[in-house]
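Trainee: I am new to this structure and would be grateful for a close look at a single part, namely its strands. Please explain how they pair, and then turn to the places that bear on them.

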Amino acid sequence: MHQQEPFSYEQARDGNRSLWNELTPVHLRSYGVDRFLAGERWLPLKILEEVGDVQGKSLLHLQCHFGLDTLAWARHGAAVTGVDFSPAAIEAAQELAVQANLPGRFICSDVYDLPNGLDEQFDVIFTSIGVLCWLRDLDAWARIIADHLKPGGIFYIMEGHPLITTFDERGTYQFALSYFHNHAPYIWDDEGPDYMDGSYIISTPSFEWQWAVSDIINAVLGSGLKLDFFHEFDALEDPVFPEMVQHENGLYTYPDMPAPLPIVFSLKAHKEE
Ligand SMILES: C[S@@+](CC[C@H](N)C(=O)[O-])C[C@H]1O[C@@H](n2cnc3c(N)ncnc32)[C@H](O)[C@@H]1O
């Protein structure tokens, strides 16, 4: 891993898009599409509880990958729109909607280009797990979210906690990377296994940003949205990361944690009427 300064956003964006085009077919094989198609509950219980009833609501899912979570929201009665900048992912999402016989609209766009291409407001904007590290500017991201929410609409994110990205890669809970925002992205260009399919070795580099909790909260507040809550979890009812293991109490957490640590956070905000 290294950093390159100055970097161009276009280089980072195009590199990351190539990575996600490469990973889409790998994830189509490894995410559990068969279980989704068989009707298994898909969205984590904590997300369902915290987002609340979406029946009859319009829902925009940012960075939707190939649409599994998006279409799961359609099963819960939302009128869904998924956005992702990977053409391979959007094509796969459109095919999955047909296979699952669920209504869903999918748009291929960089989140930062949405103001030019999506002139609509939604009741709910949702994004989750593995999204913030691909974003270069959280203030602009939050403003786009606020602009695309109807008055009274809600924004919800569940994401890996910024603390866990500071650990070294060997799962030993040693701090190795800065907790604070890196203005030039980290370039991960060593070959390594995919997080879902460990037998697949990724060769395309990724360009990733670290964001602190304060960056996330201040971006949302700065957009004018009103914060409803910010929650931190050391364990959840569902394994939102593949490496999570189940404990005797039924909850999933990271393996061999030396102490209770926040591994996931959720944030909910709303736009005033
Ligand atoms: C980890 S995945 C999505 C998370 C989702 N929880 C999942 O696992 O299916 C990250 C997604 O973000 C998308 N992405 C990354 N940067 C983006 C951007 N600037 N605009 C739109 N999509 C982006 C990628 O194409 C990828 O599909």
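Mentor: Two strands are said to pair if DSSP finds at least two bridges between them. With that rule in hand, please keep in mind that the model is predicted.

Let us begin with an open sheet of three strands. Its order is β1-β7-β10, and the pairing is antiparallel. β1, at residues 2-3, and β10, at residues 206-208, stand at the edges; each has a single partner strand, and therefore one side of each is left without a neighbour in the sheet. Between β1 and β7 there are two bridges, in the antiparallel sense. To find this pairing on the display, look for Q3, which stands opposite Y186 of β7.

β7 covers residues 186-188, and W188 is found in it. Is W188 buried, exposed or partly exposed? W188 is partly exposed, because its relative accessible area is 23% and the partly exposed class lies between the limits of 20% and 50%. From C-alpha to C-alpha, W188 is 36 Å from Q121, although 67 residues separate the two in sequence.

The loop between β6 and β7 holds Y173. The phi angle of Y173 is near 60 degrees, a positive value in a residue other than glycine. As background, most residues other than glycine have a negative phi. Y173 counts as buried because its relative accessibility is 14%, and the class takes values under 20%.

We now turn to parallel pairing, with β5 as the reference. As a general point, strands of a sheet pair through backbone hydrogen bonds, either parallel or antiparallel. β5 runs over residues 122-128, and it is mostly covered, with six of its seven residues buried. One of its partners is strand β2, at residues 58-62, which joins β5 over three bridges in the parallel sense. Within that pairing, I125 of β5 is the bridge partner of L60. Another partner is β6, which runs parallel to β5 and is joined to it by six bridges. There, V124 has I154 of β6 as its bridge partner. The chain passes from β5 through α7 to β6, and this β-α-β crossover is right-handed.

β6 spans residues 149-160, and K150 lies in it. K150 is partly exposed, because its relative accessible area is 31%. A position distant in sequence can also be located from here: the C-alpha atoms of K150 and K271 are 7.1 Å apart, while their places lie 121 residues apart along the chain.

A further parallel pair is formed by strand β3, at residues 79-84, and strand β4, at residues 105-108, which are joined by four bridges. In this pair, D84 is opposite C108 of β4. β3 and β4, together with helix α5 at residues 87-100, make a right-handed β-α-β unit.

D84 also leads us to the ligand. Sixteen residues surround the ligand, and those that come nearest are Y31, D84, D110, V111 and S128. By class, this shell has eight nonpolar, six polar and two charged residues.

Which backbone atoms lie close to nitrogen atoms of the ligand? A backbone N or O atom of V111 is 2.9 Å from a nitrogen atom of the ligand. S128 likewise places a polar backbone atom 2.9 Å from a nitrogen atom of the ligand. For I129, the distance from a polar backbone atom to a nitrogen atom of the ligand is 3.1 Å. The ligand has 590 Å² of accessible area on its own, and the protein covers 94% of that area.

I129 deserves a second look. It is found in the loop between β5 and α7, the latter at residues 138-147. The phi angle of I129 is near 45 degrees, which is again a positive value in a residue other than glycine. I129 counts as partly exposed, because its relative accessible area is 23%.

Finally, consider strand β12, at residues 245-246, where Q246 lies. Q246 counts as partly exposed because its relative accessibility is 49%, and only values over 50% count as exposed. Q246 and A235 are eleven residues apart in sequence, and their C-alpha atoms are 9.1 Å apart in space.

Definitions and conventions: Residues numbered from 1 in each chain as written. Predicted model: local features only at pLDDT ≥ 70, side-chain atom pairs only at ≥ 80, totals over all residues. Heavy atoms only, no water. Right-handed = clockwise from strand over helix to strand, strands pointing away. Near = heavy atom within 4 Å. Polar contact = N/O pair within 3.5 Å; in protein donor to acceptor, adjacent residues only side chain to side chain. Areas by Shrake-Rupley, 256 points an atom, 1.4 Å probe, with all protein chains shown as cover. Nonpolar A, V, L, I, M, F, W, Y, C, P; charged D, E, K, R; others polar. Buried < 20%, exposed > 50% of the residue type's maximum accessible area, 1.4 Å probe, protein only.
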